[in-house]
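This report concerns a strand, its pairing and its burial, followed by a patch on the surface. The sequence and structure are shown first.

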Amino acid sequence: MKVKLIQPRMLKRPMDTDLKIRMSPHLGLLTVANIIRHECKVTIENENIREIDFNDVPDLVGIAVTVDVLPRAIEIAAIYRKKGAKVIAGGIHITTAFDTVPKAAFDSLCIGFAENTWPQIIEDTKHGRLQSQYVSAPLESGDDIASPAYDLIDKTDYLWYNVVSTSRSCPHKCDFCYNSSGTHQYINRNIEDVLGDIKRLGTKHIMFIDDNFIGNISWTKQFLERIKPLKLNWNAAVTMKIGQHPELMDLMKETGCQSLFIGFESISP
């Protein structure tokens, strides 16, 4: 079976340059690809990089959806459905707000973790019994998290190709944040698996792309101790809580931290 995974063209904000749309590959799509690649022939198309090849019609199309690209995702789905392909919508917006998505826009919705949904999606598609939605059960442990298919990345397409996740979601429930949805589960990955991803990338500069790199400070400390011998240079996103842990900041510096990104929702109390 042939499967095409698509990242629709994002909408640039006034302050965005073309670097924004070429910042890094979509780890979610790469993870789906790795999960199903032994059962299917998988291709990935990023509309931010080059035009979608609508003449190449697979059996199944998977579209990664954020709120800004939902209208474009619906357009893409309509084109492929007219050509006879089944279309699945997934990603952070579908997981967070699936009940707001027009019911007729896609053949099916993938809600939650790809690890607990895509194997069944493939099986049901093969047997002509695709369901209208697939809802992931919680992962039992970080061992269940699949690595991205890094070998499918064209490194010349992106500013950063060396992106690694050490966790999924965030333990906080901020009311303005996508990852505060009840459908999200915060979980750290197996440290050995993360180290394996770093080694596969073959670079000393890593961008940890977690929503909150210090969501589990005990885990973060264990992980940093393990990457000491690797002599990395790395960046990550954290919360203001980092200021309460100067010993952790010292460990970060010691292990090669170059910068930390902190997002502020508002400067008003």
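In this predicted model, strands β3 and β4 (residues 86-90) are paired in the parallel sense, with five bridges between them. Within this pairing, Ala64 stands opposite Gly90 of β4. The connection from β3 to β4 passes through helix α3 (residues 70-82), and this β-α-β crossover is right-handed.

Strand β3 also pairs with β1 (residues 2-7): the two run parallel and are joined by four bridges. Here Leu5 has Gly62 in β3 as its bridge partner. The two pairings are set out below.

| Strand paired with β3 | Sense | Bridges |
|---|---|---|
| β1 (residues 2-7) | parallel | four |
| β4 (residues 86-90) | parallel | five |

How many of the five residues of β3 are buried? Strand β3 spans residues 60-64, and five of its five residues are buried, so that the strand is mostly covered.

In a regular strand, side chains alternate between the two faces of the sheet. In β3, Leu60, Gly62 and Ala64 point one way, whereas Val61 and Ile63 point the other way; residues of both sets are buried.

The surface patch is a separate topic. Leu19, Met23 and Leu159 make a nonpolar surface patch of about 260 Å². Of these residues, Met23 is located in the loop between α1 (18-21) and α2 (27-36). Is Met23 buried or partly exposed? Met23 counts as partly exposed because its relative accessibility is 34%, and the partly exposed class lies between the limits of 20% and 50%.

Conventions: Residues are numbered from 1 along each chain as its sequence is written. This is a predicted model: local features need pLDDT of at least 70, side-chain atom pairs count only at pLDDT 80 or more; totals for chains, interfaces and linings use all residues. Side-chain values use heavy atoms; hydrogens and water are left out. Patches are made of residues with over 30% relative accessible area and no salt bridge: like charges are joined within 9 Å, nonpolar side chains (Val, Leu, Ile, Met, Phe, Trp, Tyr) within 5 Å. Accessible areas come from the Shrake-Rupley method with a 1.4 Å probe; for residues, only the protein chains shown count as cover. A salt bridge is a side-chain nitrogen of Lys or Arg within 4 Å of a carboxyl oxygen of Asp or Glu. Buried means under 20% relative accessible area, exposed over 50%, partly exposed in between (1.4 Å probe, protein chains only). Two strands pair if DSSP finds at least two bridges between them. A crossover is right-handed if, with the strands pointing away from the viewer, the path from the first strand over the helix to the second runs clockwise.
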